[in-house]
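Take a walk through this model, one part at a time. Keep the structure in view as you read.

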Amino acid sequence: MAATPVTNLESRTTTRLRSLCLSEYLVLALTVLMFAALAPFTPGLGTSANLLNALGYLLPLFIVAVGMTLVMITGGIDLSVTSIIALTSVVGAKLMTSDGGGTPAIIGVLVMLALGAGLGALNGAVITMLRLPAFIVTLASMMFLSGFAVWLTQSKNIYGLPGSFLALGQRLPIAFALTAALGVAAHLMLRRTVFGRWLYAVGQNATAAHISGVPVRAMTFAAYVASGLCAALASVMLTGRLETGSPVLGREILLDIIGATVVGGTSLFGGMGKIAWTFFGVLFLTVLDNALNLLSLSQFSITITKGAVILFAAVLDAVRNRFVVGRS
Amino acid sequence: MTTNKEQRTANSELLSLRGIEKAFFGIKVLKGVSFSVPAGGMVGLVGENGAGKSTLVNILGGNLQPEAGTLRFAGADYAPQNPQDAARRGIAFIHQELNLFPNLSIAENIFLTRFPRAGTTPFIHRGEMHERAAELLRKVGLEIPSHRLVKTLSAGERQLVEIAKALSIEARLIIFDEPTTSLSERETTRLFALIARLRARGLAMIYISHTLADVFRLCDDIVVLRDGEVVGSGATKTFTTEKLVSLMVGRTMNQLFPERRAEAFGSEEGAPILEVRDVSQSGVAENISFSLHRGEVLGLSGLMGAGRSELARILFGLDPRERGEVRLAGEVLHHLSPPNLIERGVAFLTENRRSEGLCLDAAVADNLALVTLPQHGRTPLRWLLRDSLQAAVTRIRSVVQLDSKTSDTQPVRTLSGGNQQKVVLGKWLLSKPKVLILDEPTRGIDVGAKFEIYRLIHGLADQGVGVLVISSELEELMGLCDRILVMRSGCLVDDLPRVQFDRERILAAALGTAKEVKS
């Protein structure tokens, strides 16, 4: 339901355009448009091989973006997610290869997830207890954890991971099911539980939430734990897909994660965001990234284009915050 | 056509206000204020909280523009659009909250907007700056080097820096707003000596203060403001303290109140539901002890800064306390925090509903549900039972009589002040509180909505809820409450049951002009 009033002086086209711009399906519409526009020029865009490849990019990106969405709803940000991906990747890989004694894959996965959650907890603890800005805390942990991962492996990749582990990242039905399960669970949590409402309240007005009895610190802490957990899950998939425990895994997708979340419509200012929106944003970025790669643009051109698109999304976000109020 | 006499009077008036009106959202705050300050004169401006003094000062300072009326300063029309206009014309303000930058030096603060330049270059001529600052400091009698950082200065010293700043713009009129509230005895004496010296040099002043004794001592004329109108003005010698207080307080009730049974609780009062003993926090509250009974409407009166809101925040666990005990229904609460207190049936409406009571961009229904959300969550996943939640929201909407034209999904930001306050009240009422603490519940609300809120408060008390109402409007408390406590400078100084309600007595206790009377 459109919340903005329509003056009599506006033409119908302008009204339609305006409600489209402010609709939550704008990004989806743009994605479809982009796909349709680029398809004639981009070799191999529509092939099943390419689509499978794109999924390989999309699924882990969406998983991390889910965690990022939760953090952003509380008004924070987690810059350390890619370092968590890297560190959990190498720790898990070390554990599962002959180096670490060849522990079974299931243990390896559990350790990775626990580590991710633990690192998220560390972020959350510092942010809530010491009341430091999320940006600085997660920036610091990003640098620290990244450096630590490189030191642990002496910059070397780890190979020889067990087949059962690789299946998690390579067998599409499994990867897809995991991702869908996470997305649905997060969506339901946000929309249908007390915890979800509390997260939104924290982002909208932490002071009023605190006075109203909302456990603000606990919810903020939990958001960062969730973010770390999601990063670890994405790491499981990426490590499996690339068959490598790598200390620089995920390094290049930090911008993509944040960009996708913001493009989708989750506000950097907090208090607003939906899993569905994040999915649209991830889809948008996937099509963009995929098409740009297929067009054989140089890496620099790709990052320039992505940067411009994300800047545009941030501007739209700010404009939307100023003129459209109360989208729930 | 002005006569010669009027012309002469007009010429000797430095500042004159005629018919100044100002309204906020349709509520009139100044209803035609007229008075004048003669050249070299000292006018004391007195009035209760909410009388309109701050609004008047803001209009004189260019922060607000009046809807009607004229201002004249030094023989010319005066219509400042911003503080720079006021400064340019030679009017300086010494505010209660000093506007200095603690991280900068004294000289930098004084010349912040007018740094002396080195010739035509953009570089600051620091030597000249410090020289001129030193001279100004000499004039105000502050013997401190001008490169000292302001954060090292005491409140009194900072105030003298502000006055030095006023002299640096060659002010002809200085307006003091509650200048002595943060000063020690010695600093006050020093300030008064400086004021005398400045007056001898021909500066005119407006002195706003609750310390009536000082007003009597310093001022030639007094203007009394009440409810946005000048209710008395004239030479100081024509006033007595009693007359001043009675003018400030007034005689007419300008709000309707629901009938309150006079012996609401006499001998068979309800049992105490909230007992506060010796609660103290340095700088804020000192040995506060009182009891709130079931079914009682207890008012907390006092001037701004007396510590009433601060006390409420301490009781609700938002601010720390050094000592003291709080008992709820006889049970001692060791750890005060919002979740703890909400669980035990305490509710707290803060005085800043927009910043602390509401999520402005969220919907009405979401705001109403916020406190009691867990009650509608089925464990262990806290799955929301949307039907019961919606039912509760609908029910409370009609209890608080929220405007039926506002929809549940409307963002709360778009509601009027009265409806916003009803949303906050509804949010808390859903938690079925046993104790309700209301801080300025009718601030910025029109008369009709006020009455509805009063009715709600009485209804709650009739059901056995203990209500603590903090308000700066004395009429409101006197119409609403069974008992009134008065706070001054962090201490409880008076306690009156309804049969002994007396405006003069309450105001005197709040101002500290009468000997303390404990009932």
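In this predicted model, six strands of chain B form an open sheet. Their order is 6-7-8-3-9-10, and the pairing is mixed. Strand 6 and strand 10 (229–235) of chain B are the edges, since each pairs on one side only. From one strand to the next, the twist averages 15°.

Look inside that order at one pair. Strand 7 of chain B runs parallel to strand 8 (residues 204–208) of chain B, and five bridges link them. One contact point to find is B:Asp177, whose bridge partner in strand 8 of chain B is B:Ile208.

Now turn to a helix on this sheet. Helix 2 of chain B lies across strand 3 (42–46), strand 6, strand 7, strand 8 and strand 9 (221–226) of chain B. Its direction makes an angle of about 150° with strand 7 of chain B. Is helix 2 of chain B largely enclosed or exposed? Six of its eight residues (53–60) are buried, so the rest of the structure largely encloses helix 2 of chain B. The buried residues are B:Lys53, B:Thr55, B:Leu56, B:Val57, B:Ile59 and B:Leu60. Just past the end of helix 2 of chain B comes B:Gly62, with a positive phi of about 85°.

Helix 6 of chain B is the next stop. It covers residues 155–168. What should its 14 residues span, at 1.5 Å a residue? The expected span is 20 Å, and the end C-alpha atoms of helix 6 of chain B are 20 Å apart, which agrees.

Helix 6 of chain B is also largely enclosed by the rest of the structure, because 10 of its 14 residues are buried. They form an unbroken list in the numbering, starting with B:Arg158, B:Gln159, B:Leu160, B:Val161 and B:Glu162. The list goes on with B:Ile163, B:Ala164, B:Lys165, B:Ala166 and B:Leu167. What do these buried residues pack against? Two of the partners are strands: strand 6 (91–94) and strand 7 (173–177) of chain B. The others are helix 4 (106–110), helix 5 (126–140) and helix 7 (185–200) of chain B. Both strands belong to the open sheet described above. Just after helix 6 of chain B, B:Glu170 has a positive phi of about 55°.

Move further along chain B to strand 21. This strand holds residues 483–488, and five of the six are buried, so strand 21 of chain B is largely enclosed by the rest of the structure. Which strands pair with it? Strand 13 (residues 297–302) of chain B runs parallel to strand 21 of chain B, with five bridges between them. There, B:Gly302 stands opposite B:Met487. Strand 22 (residues 491–497) of chain B pairs with strand 21 of chain B in the antiparallel sense, over six bridges. In that pairing, B:Leu485 has B:Asp495 as its bridge partner.

Strand 21 and strand 22 of chain B form a hairpin. Two residues lie between the strands. B:Ser489 sits in the turn, and its phi is positive, at about 50°. As a general point, side chains in a regular strand alternate between the two faces of the sheet.

Step back to chain B as a whole. Its secondary structure comes to 18 helices and 22 strands. The radius of gyration of chain B is 26 Å, close to the 24 Å that the globule rule gives for 519 residues, so chain B is as compact as a globular protein of that length. The C-alpha trace of chain B spans about 75 × 55 × 45 Å along its principal axes. Of the 519 residues, 43% count as buried. Among contacts in chain B between residues at least 6 apart in sequence, 68% join residues at least 24 apart.

Chain B also meets chain A. Here 19 residues of chain A are in contact with 26 residues of chain B. On the side of chain A, the elements that give two or more residues are helix 9 (194–204) and helix 10 (206–211) of chain A. Helix 9 of chain A provides the largest share, five residues. By class, this side of chain A has seven nonpolar, 10 polar and two charged residues.

End with one residue of chain A. A:Ala185 is found in helix 8 (residues 172–192) of chain A. Is A:Ala185 buried or exposed? A:Ala185 is exposed, with 12 other C-beta atoms within 10 Å. In sequence, A:Ala185 and A:Ile275 are 90 residues apart. In space, their C-alpha atoms are 9.8 Å apart.

Methods
Residues are numbered from 1 along each chain as its sequence is written. Chains are lettered from A and ligands numbered from 1 in the order in which they are written. This is a predicted model: local features need pLDDT of at least 70, side-chain atom pairs count only at pLDDT 80 or more; totals for chains, interfaces and linings use all residues. Helices (H or I, at least four residues) and strands (E, at least two) are DSSP runs, numbered from the N terminus. The radius of gyration is taken over C-alpha atoms; the globule rule is 2.2 Å times the number of residues to the power 0.38. A residue is buried if 20 or more other C-beta atoms lie within 10 Å of its own, exposed if 12 or fewer, and partly exposed in between; C-beta atoms are placed from the backbone. Two residues are in contact if their C-beta atoms, placed from the backbone, lie within 7 Å. Ala, Val, Leu, Ile, Met, Phe, Trp, Tyr, Cys and Pro count as nonpolar, Asp, Glu, Lys and Arg as charged, and the others, Gly among them, as polar. Two strands pair if DSSP finds at least two bridges between them. The expected span of a helix is 1.5 Å times one less than its number of residues. Axes are lines fitted to C-alpha atoms, for helices over the stretch in contact, and angles run from 0 to 180 degrees between N-to-C directions.
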